[in-house]
Amino acid sequence: MERRDFVKTGILATSGAFFVHSFLGCVNPVLDKNNLAEFFNGFQNPPVGSKLFVRWWWNGNRLDKDEILRELDVMKAAGIGGVEINPIAFPGGADPVGYKALTIFEDDWLDMLQTALQGAKERGIVCDMIVGSGWPFGGEFLKKEEQSQMVTIETIDLKGGNKYHFKINELLRKVDPALYSKNKTVYKDLVMARLLPKKPPEFMEGTDLTDSIKNGALEIEVPDGNFVLYYVVKLTGYMAVINGAPGAAGPVLNHYSKPATEGYLDRISGFITGKIGDMGNYIRAMFCDSMELEGANWNDDLPDEFEKRRGYSLLPYLPFVLKKVGHMGNPLDGEYGTKFADDVTERIKRVELDFYQTRIELFKERFINTFNDWCHRNNVKSRMQAYGRGMHPLEASMEIDIPECETWAFKEVGREYPDTGLSGRAPRMCNKYVSSGAVLTGKKIVSCEEVTNTAMAFMATLENIKIVGDQSNISGVNHSILHGFNYSPPEAEFPGWVRYGAYFNERNTWWPYFRKWADYKARISYILQNAVPQANVAILQPLVDLWLKHGPQRDPFPQKWYPEYQNNLWEVINHNGGGCDYVSENIIKKSTFKDGQMIYNGRSYSTLLLPEIETLDLETTKSLEVFAKTGGRIVFIGKVPFQSPSYKNFNVEGTEVDKIVTELLKDRPGNVVRYPGPEGNLIKWYGKLQNELGLEPFVRFDKTNRFLSQSNYRIGENPVFFIANTSLSEHISVKAEFQVEDHLHPWIWDPETGEKYICPAADNRKTLELELPRATSMLIIFEKDSEGKPYHPVNYHSKGDEVLGKWHLQLHHLNGEKQVVELETLTDLVKNESTKHFAGELIYEKSIMVNGQDYQYIDLGDVQGVSELTINGELIGTKWYGAHIYDIKKTLKTGENKISIKVTTIVGNYLKGLKDNVVAQNWTRHQDYYPMGIIGPVRII
């Protein structure tokens with residue numbers, strides 16, 4: 001059979017077509033994909049659903065109605081289109097200044113919620129709301145059977161020929177994982193105890209010691225030899241909600257229990273609807289935050305469910321598939337317990353895999369589906385970060401209405417970009433999974449917790465924030481939920497109540513310019529939400545091999561990955577002008593294969609990459625065989641599959657997998673290949689693969705750069721390219737050859753201004769010479785129209801004349817102090833003890849003489865902060881990122897010209913100097929100082 005058609009059902013069947021009634025117009029209108037004029041109108045004035053949203057932390061629930069409305073006004077004026085109401089624990093060290101802590105869902109708190117919801121609706125602001133408080137959600141009110149459960153092990157080596165006496169309470173006390181967020185009350189139950197040889201000749205369950213427990217003690221008489229005592233302990237209510245606010249702190253919910261989940265959610269909707277009526281009248285979506293469950297892996301019926309689904313009993317293997325755990329539920333390193341032979345260990349790993357698969361299924365059925373159904377019953381959408389241990393990173397979010405990922409701000413972003421790993425990257429590894437799941441199910445919105453900032457809070461410039469957001473968009477994101485906006489009354493001591501964040505707050509020095517980034521981001525989001533991402537390849541990640549080798553990981557911060565470039569393959573595809581989606585084995589098995597294409601829910605791929613995959617399900621392998629026989633290209637990178645993940649039919653299915661793959665490589669060398677894995681530069685390696693295998697990119701750069709990337713889309717017949725330089729220091733000049741239809745013309749759509757410009761005609765309008773200063777991006781759309789306002793790029797390569805001599809510097813500190821300094825030369829002000837703790841406005845002044853030269857621009861060089869240029873009393877403009885180059889041709893005159901440059905700095909260096917300010921020191925004492933001011937050189941060109 002050369003072709004198979006599948007009816008798409010179950011988790012992978014959703015098309016994302018569920019809609020509740022449009023809240024405040026936040027679902028953008030459906031437009032004619034071939035009428036770019038309509039899209040340009042939306043681009044100029046993006047609808048609220050494309051604007052930035054913020055996570056609005058209600059710190060400690062210390063709330064006031066007037067302050068709620070004031071903050072809504074502040075956010076609206078800043079271009080923020082929506083808020084996620086997020087009650088959270090009060091920040092440590094902050095002064096509550098007399099505000100009492102309200103308890104979530106009590107009457108006085110519900111009054112505050114009603115004020116916020118009604119106030120937002122009146123202002124045209126969209127509201128989402130977190131379920132409960134903190135993460136993962138729970139509460140002091142949960143009964144024991146509703147609290148999270150984990151089974152874990154402890155082992156004790158025993159010498160043969162001895163008798164041992166263990167008090168059960170002491171054994172239980174020993175099981176005390178070093179978790180991040182321990183609950184005060186933990187229930188511990190001994191599930192089983194077994195005695196095994198240290199090195200058994202074959203698999204054995206061990207001797208059941210249950211009958212040896214008497215009067216609260218375990219008596220063991222150990223035979224000759226070396227043995228190990230295994231005992232399994234169930235911990236109930238072991239984890240507390242992370243940063244839970246009053247009324248929703250305490251133990252975490254048992255997400256593997258449908259009754260517990262339903263009860264928790266119905267309790268919340270009961271309170272809310274009792275106060276405001278239909279939730280859908282005020283709330284767009286209910287949100288479920290990070291699933292950092294710290295090792296939750298159990299429900300009392302899990303052994304029965306395992307046997308029902310997998311066809312054999314888990315219990316003989318239970319002690320050996322469990323791990324000792326620590327921080328965030330990560331397994332502890334080190335060897336312990338029985339040492340089985342290698343073949344036995346491999347079989348046990350497959351039981352562990354089945355154990356994990358069972359948990360994935362139960363979590364999806366009992367929590368994700370229940371959450372989804374509850375949202376829909378209450379006329380709101382579901383929004384969720386559906387990844388982490390216990391969830392398939394791609395499939396878990398595919399039925400969520402608004403799937404969400406996360407992008408972080410780290411100091412090394414824009415400065416470093418190692419060949420492999422996650423360092424230097426703002427998007428987390430979950431982003432590509434979530435965005436792929438969204439496009440595979442036809443969803444328009446890929447939401448992102450964006451600019452999550454714990455490492456450089458207060459130190460982030462708008463330029464830092466822009467490159468974080470640009471990298472986020474490259475990863476597939478098209479809507480940003482900023483992390484976040486702190487509820488903080490004006491009377492709170494500076495910097496106010498700060499739970500987390502990059503200090504998105506009206507007391508921040510650069511807040512008056514925030515709207516510039518907000519408008520830029522809204523326009524980018526609007527285009528990407530209405531465009532279809534393009535992909536020329538699909539990637540099947542080696543998740544099963546990862547789990548077999550290293551166990552399930554704590555996404556989005558995995559301890560280990562496989563292979564080394566696992567999280568970087570999609571990046572280098574984009575670096576080389578291509579596009580890709582992740583797929584899963586289930587998606588492959590449910591796809592249709594025809595004319596060399598793998599087709600799933602309207603997405604089609606002619607090429608499938610399998611990086612270093614050793615283990616493949618037999619049915620998946622047979623699907624690949626059909627794909628290859630219809631002409632599809634399969635590229636095994638490095639390794640080829642040779643074994644099955646099956647426990648029950650390991651040898652038989654593994655032999656069949658190996659046979660099919662071997663025959664495909666032998667019989668179809670034209671479209672089934674094994675390509676060497678990467679060595680050295682990963683971007684160049686993929687470029688070579690792309691060329692040798694004839695994979696045509698959507699845009700071809702004449703040279704690649706680690707900081708240069710792109711994502712590509714289509715709006716109807718119009719190709720769309722978002723290209724970004726996310727370096728904080730490098731200027732990138734590149735020739736880009738776009739693979740577009742001959743009748744189309746390139747236009748620059750400027751997301752800062754909402755204007756658009758046609759690129760100058762060239763011999764080949766498909767090829768453009770692009771100049772991308774640091775932190776600069778371009779949105780290029782190819783259109784039929786050939787006439788319009790021309791694009792005039794800056795000449796970045798003319799050196800010009802350096803402006804030398806002294807500068808008069810005024811320092812207007814945000815604390816009201818003023819200072820005047822005469823600078824002999826421009827320098828980083830952090831290097832001077834008298835200015836290193838400054839925050840506020842720097843005003844550089846100087847007069848220059850022009851004697852007939854025909855100058856066009858002034859280039860301020862390296863500027864750390866937001867600059868505003870005034871010449872001869874006339875404001876020229878503002879630059880908040882990239883090259884601080886201004887067009888001065890119409891302003892500069894012959895003779896003396898007075899130059900004034902205002903630079904607005906960050907607040908972080910100032911806060912480092914406030915040694916008696918607890919909040920300031922909590923955030924900045926471990927941070928480095930950040931460069932500040934005009935470093936130059938300043939040149940006129």
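Rings of Phe, Tyr and Trp count as a pair here if their centres lie within 6.5 Å, with the six-membered ring used for Trp. Keep that in mind for the first views, and remember throughout that this is a predicted model.

**View 1. Eight aromatic residues gather in one cluster.** The members are F137, F141, Y256, Y264, F363, F367, F371 and W374. Zoom in on two of them, F137 and F367: their ring centres are 5.8 Å apart and the planes meet at 45°, which makes this a tilted pair. F137 sits in the loop between β3 (126-130) and β4 (149-159), while F367 belongs to helix α8 (residues 342-377), so the pair ties together parts 230 residues apart in sequence. Are these two buried or exposed? Both F137 and F367 are buried.

**View 2. F105 and F271 make a stacked pair.** The protein has 56 aromatic pairs by the rule above. In this one, the centres are 5.5 Å apart and the planes differ by 10°, so the rings of F105 and F271 are stacked. Here too, distant parts of the chain get linked: F105 is in the loop between β2 (82-88) and α3 (107-122), F271 is in helix α5 (residues 258-276), and 166 residues separate them. As for cover, F105 is buried, at 5% relative accessible area, whereas F271 is partly exposed, at 30%.

**View 3. Two charged side chains sit over tyrosine rings.** In one spot, the charged end of K324 lies over the ring of Y336, 4.4 Å from the ring centre. In another, R425 is found over the face of Y417, and here the distance to the ring centre is 3.8 Å.

**View 4. M286 is among the best-connected residues of the largest nonpolar core.** That core has 254 residues, and the ones with the most contacts inside it are W56, W58, M286, M384, F514 and W517. Which helix gives the most to this core? It's α8, with 14 residues. Now look around M286: once neighbours within four places in sequence are set aside, its contacts include M129, I130, V131, I272, M279, F371 and W374. Also touching M286 are C375, V380, K381, S382 and R383. A second core, separate from this one, has 30 residues, among them V830, L842, I848 and L869.

**View 5. Strand β26 pairs with two other strands.** Seven of the eight residues in β26 (residues 708-715) are buried, so this strand is mostly covered. Strand β16 (residues 532-533) runs antiparallel to β26 and is joined to it by two bridges; P533 has Y713 as its bridge partner. β27 (residues 718-725) is antiparallel to β26 as well, this time with eight bridges, and R714 is partnered with P719. β26 and β27 form a hairpin with two residues between them, and in the turn G716 has a positive phi of about 60°.

**View 6. β34 and β35 form another hairpin.** Six bridges join the antiparallel strands β34 (residues 807-813) and β35 (residues 818-823). One of the partnerships is Q810 with V820. Four residues lie between the strands, and G816 takes a positive phi near 100°.

**View 7. Confidence across the model, with a look at residues 1-28.** The average pLDDT is 94, and 96% of the residues score at least 70. Over residues 1-28, though, pLDDT stays under 50. The model still has 86 contacts beyond four places in sequence for that stretch.

Conventions:
Residues are numbered from 1 along each chain as its sequence is written. This is a predicted model: local features need pLDDT of at least 70, side-chain atom pairs count only at pLDDT 80 or more; totals for chains, interfaces and linings use all residues. Side-chain values use heavy atoms; hydrogens and water are left out. Rings of Phe, Tyr and Trp (its six-membered ring) pair if their centres lie within 6.5 Å; planes under 30 degrees apart count as stacked, over 60 as edge-to-face and the rest as tilted. Buried means under 20% relative accessible area, exposed over 50%, partly exposed in between (1.4 Å probe, protein chains only). A charge sits over a ring if NZ of Lys or CZ of Arg is within 6 Å of the ring centre and within 35 degrees of the ring normal. A nonpolar core is a set of buried Ala, Val, Leu, Ile, Met, Phe, Trp, Tyr and Cys residues joined through side-chain atoms within 4.5 Å. Contact means heavy atoms within 4.5 Å. pLDDT is the predictor's confidence in each residue, from 0 to 100. Two strands pair if DSSP finds at least two bridges between them.
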